[in-house]
Amino acid sequence: MRDEERLIRSLDGELSDSEASALRERLLADREFAARREAWETVREELGAGRPGFEPGFRDRVMARVGDLPAEDRHAAHPDRPGAESLYIHLQRAFPRLAAACLIGVVALGIYSLVGDAGLANSAVEALLGIPGETLEMAFALGSV
Amino acid sequence: MSSMLDRVPVSDSTPSDEMLLADARAGDERAFAAIVDRYEARVAATVVSMLGPGDDAEDVGQETFIRLYRYLDRYRGDASLGTYLTRIAMNLSLTALRKRKRWFSRFVSVESTPGGGPADGREPAGPGLEMIAVDSDEGPLGRLEQAERRHRVQQALADLNPDHRAVVVLRWMDGFSTKETAAALGIPEGTVMSRLSRAMDRLAVTLKEEDGSSKGDHDAG
């Protein structure tokens, strides 16, 4: 175990009896190490004593902000209410738009397929995927050649 | 056979975190206010130590609780509420420090700052002694001494690199273990140890210097 780790664990009171005994011996033998430990102990005490706080009225200021939150955010804290911010709610909101977009897409593709030059033989999907506009009839014809 | 504890109802005056959270989720704002009361000091220790006293710390402190409120349904109780809030507070503080550093480097020339500015990883010190809230039963002199002590600690912490400061704050002020600190900051435990030991050496020097200078001031006065 490194010296620093030993010092930190000693400040935490986590050393075993044998480790604590070894540390005591080391502190007696090495004045510089002992001074370092003392300095660290002082720092820790100072940090503990110097715990800062907010100015009075912090709770009221937070609650005022809670009161100012938009209705959607206020409801987000309560999943059992409408508008709760959760994956389920997000999906619920997105679904009608997605469904409408899909319907429009299907209708558009259908119209394109019906009125396009190749008619039903060459759908928009086939054109997009680069599939040749061969019909079953043409395939038979090629097979019989 | 039921134990004594089973028969004694939990006191209404000290509801558990779980009870307060359940009530807050159901829309009881008084329950949420009670959570704020309970964890205000803990969140303050994190954000004020990281950012220094002032508006930034107040904003981040408020934002910590607003985040909790907005995402109450996401808190599953994997960590204690105090640990959860400390993590939010630390993440928001580190983000605020990055923003502050960007702003500082954009608008203030490094040469104009006696401490060397952000080039050494530090940021400008926060406001002075008057901004540190003092909550003590001691008399005016005791309160002043405590405020001075807090101010000295704040100055010493502000002198640290933010990465090192985060480790000190989590380990010594928030009571996180080395393992919890490593998890909260996303760094290995060995890095926590090395940053902590370097920070402790530096703090020891800074606090000693400040102690000497404040004694000098008193002697001169």
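Let's start with helix H7 of chain B, which is largely enclosed by the rest of the structure, because eleven of its twelve residues are buried. Keep in mind as we go that this is a predicted model.

Which residues of H7(B) are buried? They are B:Pro162, B:His164, B:Arg165, B:Ala166, B:Val167, B:Val168, B:Val169, B:Leu170, B:Arg171, B:Trp172 and B:Met173. If you have the structure open, try finding B:Trp172 and B:Arg171, two of the buried residues in that helix.

Now, what does this helix pack against? One partner is helix H3 of chain B, residues 29-51, while H7(B) itself covers residues 162-173. The two helices pack at an angle of about 150 degrees, and their axes are 10 Å apart. An angle over 145 degrees counts as roughly antiparallel, and that is why H3(B) is described as roughly antiparallel to H7(B). The crossing of the pair is right-handed.

Let's look at who does the touching. H3(B) brings B:Ala45, B:Thr46, B:Ser49 and B:Met50, and H7(B) brings B:Arg165, B:Ala166, B:Val169 and B:Met173. Sorted by class, this contact of H3(B) with H7(B) has five nonpolar residues, two polar ones and one charged one. Notice that B:Arg165 is part of the contact and is also among the buried residues of H7(B).

Next, let's walk off the end of the helix. After H7(B) comes B:Gly175, with a positive phi near 75 degrees. A little further on we meet B:Ser177, in the loop between H7 and helix H8 (178-185) of chain B. Is B:Ser177 buried or partly exposed? Here we need the cut-offs: buried takes 20 or more other C-beta atoms within 10 Å, and exposed means 12 or fewer. B:Ser177 has 14, so it comes out as partly exposed. Its C-alpha atom is separated by 9.8 Å from that of B:Glu189, and these two residues are twelve apart along the chain.

Let's zoom out to chain B as a whole. How many helices and strands does it have? There are nine helices and zero strands, so if you are looking for a sheet in chain B, you can stop now, because the strand count is zero. Of the 221 residues in this chain, 36% count as buried. Among contacts in chain B with a separation of 6 or more, 60% are between residues 24 or more positions apart.

What about the meeting of the two chains? Chain A gives 31 residues to the contact and chain B gives 41. On the side of chain A that touches chain B, the elements giving two or more residues are helix H1 (3-12), helix H3 (31-49), helix H4 (58-68) and helix H5 (71-76) of chain A. That side has 17 nonpolar, four polar and ten charged residues.

Finally, a word on confidence. The model scores ipTM 0.72 and pTM 0.65. Chain B has a mean pLDDT of 78, with 71% of its residues at 70 or more. For chain A the mean is 79, and 73% of the residues reach 70 or more. Within chain A, H4(A) has the highest confidence, at 93, and H5(A) the lowest, at a mean of 65.

Where should we be careful? In chain B, pLDDT stays under 50 over residues 1-11, and again over residues 110-121. Where pLDDT is low, the predicted coordinates should not be read in detail.

Key:
Residues numbered from 1 in each chain as written. Chains lettered and ligands numbered in written order. Predicted model: local features only at pLDDT ≥ 70, side-chain atom pairs only at ≥ 80, totals over all residues. Axes fitted to C-alpha atoms, helices over the stretch in contact; angles between N-to-C directions. Helix = DSSP H or I, 4+ residues; strand = E, 2+ residues; numbered from the N terminus. Parallel < 35°, antiparallel > 145°, perpendicular 65-115°, else oblique. Left-handed = near helix turned anticlockwise from the far one by under 90°. Contact = placed C-beta atoms within 7 Å. Nonpolar A, V, L, I, M, F, W, Y, C, P; charged D, E, K, R; others polar. pLDDT = per-residue confidence, 0-100.
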